[in-house]
Amino acid sequence: MGNELLTEAALSPKLTHLEALAARYAKPDFMIAPGGHVQTIATGHYTVTGLSRHLRLGEFVAHRSPTGVHLGEVVRVEPDLAYVCPIEPGEPIGIHDTVIRKGAFRIAPSDSWCGRTISSLCEPIDGNGPIVEGLKRRSISNTAPPSMTRQRVEKGFKTGVRAIDIFSPLCLGQRLGIFAGSGVGKSTLLSMLARAAAFDKVVIALVGERGREVREFIEDTLGADMQKSVVVVATSDESPMLRKMAPLTAITIAEHFRDQGDNVLLIVDSVTRFAHAIREVATASGEPPIARGYPASVFTELPRLLERAGPGPEGTGTITAIISILVDGDNHNDPIADSTRGILDGHLVLQRSLADEGRYPPIDPLASISRLARKAWTPDQEKLVSRLKALVHRYEETRDLRLIGGYRQGADPDLDMAVKQVPIIYDVLKQSPGDPPSPDSFADLAGALKAAAGIGNQPNVRR
């Protein structure tokens, strides 16, 4: 015979080596990652050659530098060039550094995350040790559930904030925007809403916030409620990529709890800074602006984020989203405010003039609206609120007339009632973060009106 057969002893080591290789490559998380190299470096982004045919928009890559491995997101792909925005600020990047494809960024939320404060990358920042990952990994760029599979929004709940529960009541699964200029009280109102007892879990995204306010919000505002909360933080000094990722990470965590049947409260403060982060990233990649400096991708990403909140598919829970919108220069018709207003299920308008008067929360009851209020009011309450709004409108439109002495009591019965009752209504609506939540806002209003009138024949406004 020309060829000698290998003995079993000679073959055994080779088989063992092949089995080890097969076991290694058979691991489900093993992927032969194609590599490329850094070609050019600019402020806010760098370009990579050799990876274009393997990459998709929104995927992550890992950049290897002398200080370690750093993540970046693909924001633009050309035939021979890919544009990458680094995730971490100040990342050291050098020409010809190796770049490896990582794929979509995924997280594995777990119930054990409640009570924790994490970064946009799901790394713990509260000093309480590592977090335990769950069994299911989710992409932070998920899509919303199909519209025809979603539950209907039916059930109202009490926030404990009288100005909201009376004039703009909310329902589980609703998406509400809080519109205000800087320093008017958005974050304070959000802290009051975070204490609502109607929710099983609370997920909070602090986007572009002052670093000193994070501990104050967690320790002073949430307090004991932190045990059912997860806080995702990306402060103002962090990179635009981390500020862009914070709401996406937060809503992915909220979807995990929703799919378990929980009613989740999602708070994002603020979606305007999320839009600013998208604008920074898009501008760095060369995308042209189309509306007051905002590129088109901003108006694509906003509905993708906000539509993921709301009622889940049948058999799951809900995500009630309360989103703050910072209106530039108190202009409530700037592009971000105008775009989000059309997506959300209602909006609260905070007026600087009311804050200047010392009325907190400075919610304008005439400019604010909840599109699902009728599902939360009883028929009697709906009629009463309509009457209250008419009185407030009458009181406000005659303010100048009364200031110059043009009001004469008895000439207009409706105005007489407005002058007598609207200041009482305003006093009832005043509430500070230190006040306990109101268990029955309509009862509080009825009691105040009866006490001021000194009689017991005021209309019944109890729930």
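This passage walks through the overall build of a predicted protein model, the meeting of two of its domains, and a few of its residues.

The model is predicted, so a pLDDT of at least 70 is needed for local features and 80 or more for side-chain atom pairs to count, while totals for chains, interfaces and linings use all residues. Residues are numbered from 1 along each chain as its sequence is written, and side-chain values use heavy atoms, with hydrogens and water left out.

To start with the big picture, the C-alpha trace spans about 125 × 45 × 40 Å along its principal axes. The protein has 13 helices and 21 strands; these are DSSP runs numbered from the N terminus, with helices being H or I over at least four residues and strands E over at least two. Of the 463 residues, 51% count as buried. Here buried means under 20% relative accessible area, exposed means over 50%, and partly exposed is in between (1.4 Å probe, protein chains only). Looking at contacts (heavy atoms within 4.5 Å), 71% of those between residues at least 6 apart in sequence join residues at least 24 apart.

The domain assignment splits the protein into domain 1 (33–104), domain 2 (107–376) and domain 3 (380–454); such bounds come from an automatic or database assignment. The centres of domain 2 and domain 3, taken over C-alpha atoms, sit 31 Å from each other. Their contact takes 20 residues from domain 2 and 25 residues from domain 3. Between them, these two domains bury about 2100 Å², with 59% of it on carbon and sulfur atoms. Buried area is the accessible area (1.4 Å probe) that two parts lose on being put together, summed over both. On the domain 2 side, Arg162, Ile166 and Phe167 lose the most area to domain 3, together making up 34% of what that side buries.

Charged and polar pairs turn up at this interface too. The rule finds two salt bridges across the interface of domain 2 and domain 3, a salt bridge being a side-chain nitrogen of Lys or Arg within 4 Å of a carboxyl oxygen of Asp or Glu. Arg162 forms a salt bridge with Asp444, and their closest N and O atoms are 3.6 Å apart. There are also 10 residue pairs in polar contact across the interface, with both residues at pLDDT 80 or more. A polar contact is a pair of N or O atoms within 3.5 Å; within protein, one must be able to donate a hydrogen and the other to accept it, and residues adjacent in sequence count only if both atoms are side-chain atoms. On the side of domain 2 that touches domain 3, helix 2 (162–167) and helix 3 (186–193) are the elements giving two or more residues. Helix 2 gives the most, with five residues.

Salt bridges are not confined to that interface topic, and the count comes to 30 by this rule. Side chains of opposite charge can pair when their charged atoms come close. Asp345 pairs with Arg175, with the closest N and O atoms 3.3 Å apart. Asp345 lies in the loop between helix 8 and strand 20 (346–349) and Arg175 in strand 12 (residues 175–180), so this pair ties together parts that are 170 residues apart in sequence. Both Asp345 and Arg175 are buried. Arg273 forms a salt bridge with Glu209 at 3.0 Å between the closest N and O atoms. Since Arg273 is in helix 6 (residues 271–284) and Glu209 in strand 13 (residues 201–209), the pair ties together parts that are 64 residues apart in sequence. Arg273 is partly exposed at 21% relative accessible area, whereas Glu209 is buried at 7%. Salt bridges that share partners also join Arg150, Arg175, Glu307 and Asp345 into one network.

Now for two residues in loops. Ser52 is in the loop between strand 2 (45–49) and strand 3 (60–65) and counts as buried at 10% relative accessibility. The Ser52 side chain reaches the backbone oxygen of Glu78 at 2.9 Å, and a polar atom of that side chain lies 3.0 Å from the backbone nitrogen of Leu81. Asp334 is found in the loop between strand 19 (318–326) and helix 8 (335–343) and is buried, at 3% relative accessibility. A polar atom of the Asp334 side chain lies 3.0 Å from the backbone nitrogen of Ile336.
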